[in-house]
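Welcome! Here is a short guided tour for anyone meeting this structure for the first time. Have a look at the sequence and the model below, and then read on.

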Amino acid sequence: SDKLALRLANQKAEAVAAILSEDALIIAADTIVGTKTKVFEKTSTDDEVRKSIEFFSGRRIYIKTAVA
């Protein structure tokens, strides 16, 4: 989970670095949400958000953010 968030943040930073000048300062971040057994995809619709919130209700979840 921590490693996944960091890997995703690094991928974002590398993608931006590939199109900017060498001396650019790049800061990228990513956040993941999950349970012990599942990492959830980012929601893109109101319906997905509603379903996620209903699933999370009463459960222990984690939210991990990494910066690269």
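Does Ala17 count as buried, partly exposed or exposed? Ala17 counts as partly exposed, because its relative accessibility is 39%, and the cut-offs put buried under 20% and exposed over 50%. You can find Ala17 in helix H1, which covers residues 2-17. In sequence, Ala17 and Ala68 are 51 residues apart, while their C-alpha atoms are 12 Å apart in space.

**How confident is the prediction?**

Please keep in mind that this is a predicted model. The average pLDDT of the chain is 92, and 99% of the residues score at least 70. Confidence is highest in strand E3 (residues 62-67), with a mean of 95. The lowest value belongs to strand E2 (residues 39-40), where the mean is 91.

**A buried aspartate**

Let us move on to strand E1 (residues 29-34), the home of Asp30. With a relative accessible area of 5%, Asp30 is buried, because that value falls under the 20% cut-off. The side chain of Asp30 makes a polar contact of 3.1 Å with the side chain of Lys12. Once neighbours within four places in sequence are set aside, Lys12 also appears among the contacts of Asp30, together with Ala5, Leu8, Ala9, Lys42, Lys64, Thr65 and Ala66.

**Four residues side by side**

Here is a small table to compare how open some residues are.

| Residue | Place | Relative accessible area | Class |
|---|---|---|---|
| Asp30 | strand E1 | 5% | buried |
| Thr35 | loop between E1 and E2 | 11% | buried |
| Glu48 | helix H2 | 33% | partly exposed |
| Glu22 | loop between H1 and E1 | 86% | exposed |

Thr35 is worth a visit of its own. Which residues does Thr35 touch, not counting those up to four places away in sequence? They are Phe40, Phe55, Arg60, Ile61 and Tyr62. The C-alpha atoms of Thr35 and Thr45 are separated by 21 Å, and these two residues are 10 apart along the chain.

Glu48, in helix H2, is in contact with Lys42 and Thr43 when neighbours within four places in sequence are left aside. Glu22, for its part, is exposed because its relative accessible area of 86% is over the 50% cut-off. From Glu22 to Glu41 there are 32 Å between C-alpha atoms, and the two are 19 residues apart in sequence.

**The largest pocket**

Our last stop is the largest pocket. How much space lies in the largest pocket? There is about 220 Å³. Its lining is made of 14 residues, and those nearest the centre are Ile32, Val33, Phe40, Glu41 and Lys42. Lys42 is also one of the contacts of Asp30 and of Glu48, and Phe40 is one of the residues that Thr35 touches.

Several elements share in the lining: H1, E1, E2 and helix H2 (46-56) each supply at least two residues. Which element gives the most to the lining? That is E1, with 3 residues. By kind, the lining residues divide into 9 nonpolar, 3 polar and 2 charged.

Notes: Residues are numbered from 1 along each chain as its sequence is written. This is a predicted model: local features need pLDDT of at least 70, side-chain atom pairs count only at pLDDT 80 or more; totals for chains, interfaces and linings use all residues. Side-chain values use heavy atoms; hydrogens and water are left out. pLDDT is the predictor's confidence in each residue, from 0 to 100. Helices (H or I, at least four residues) and strands (E, at least two) are DSSP runs, numbered from the N terminus. Buried means under 20% relative accessible area, exposed over 50%, partly exposed in between (1.4 Å probe, protein chains only). A polar contact is a pair of N or O atoms within 3.5 Å; within protein, one must be able to donate a hydrogen and the other to accept it, and residues adjacent in sequence count only if both atoms are side-chain atoms. Contact means heavy atoms within 4.5 Å. On a 1 Å grid over the protein atoms alone, a cavity is a set of points where a 1.4 Å probe fits but cannot get out, and a pocket is an open set with protein on both sides within 12 Å along at least five of seven lines; lining residues have an atom within 4 Å of a point. Grid points are joined across faces, edges and corners, and a volume is the space filled by probe spheres set on the points. Ala, Val, Leu, Ile, Met, Phe, Trp, Tyr, Cys and Pro count as nonpolar, Asp, Glu, Lys and Arg as charged, and the others, Gly among them, as polar.
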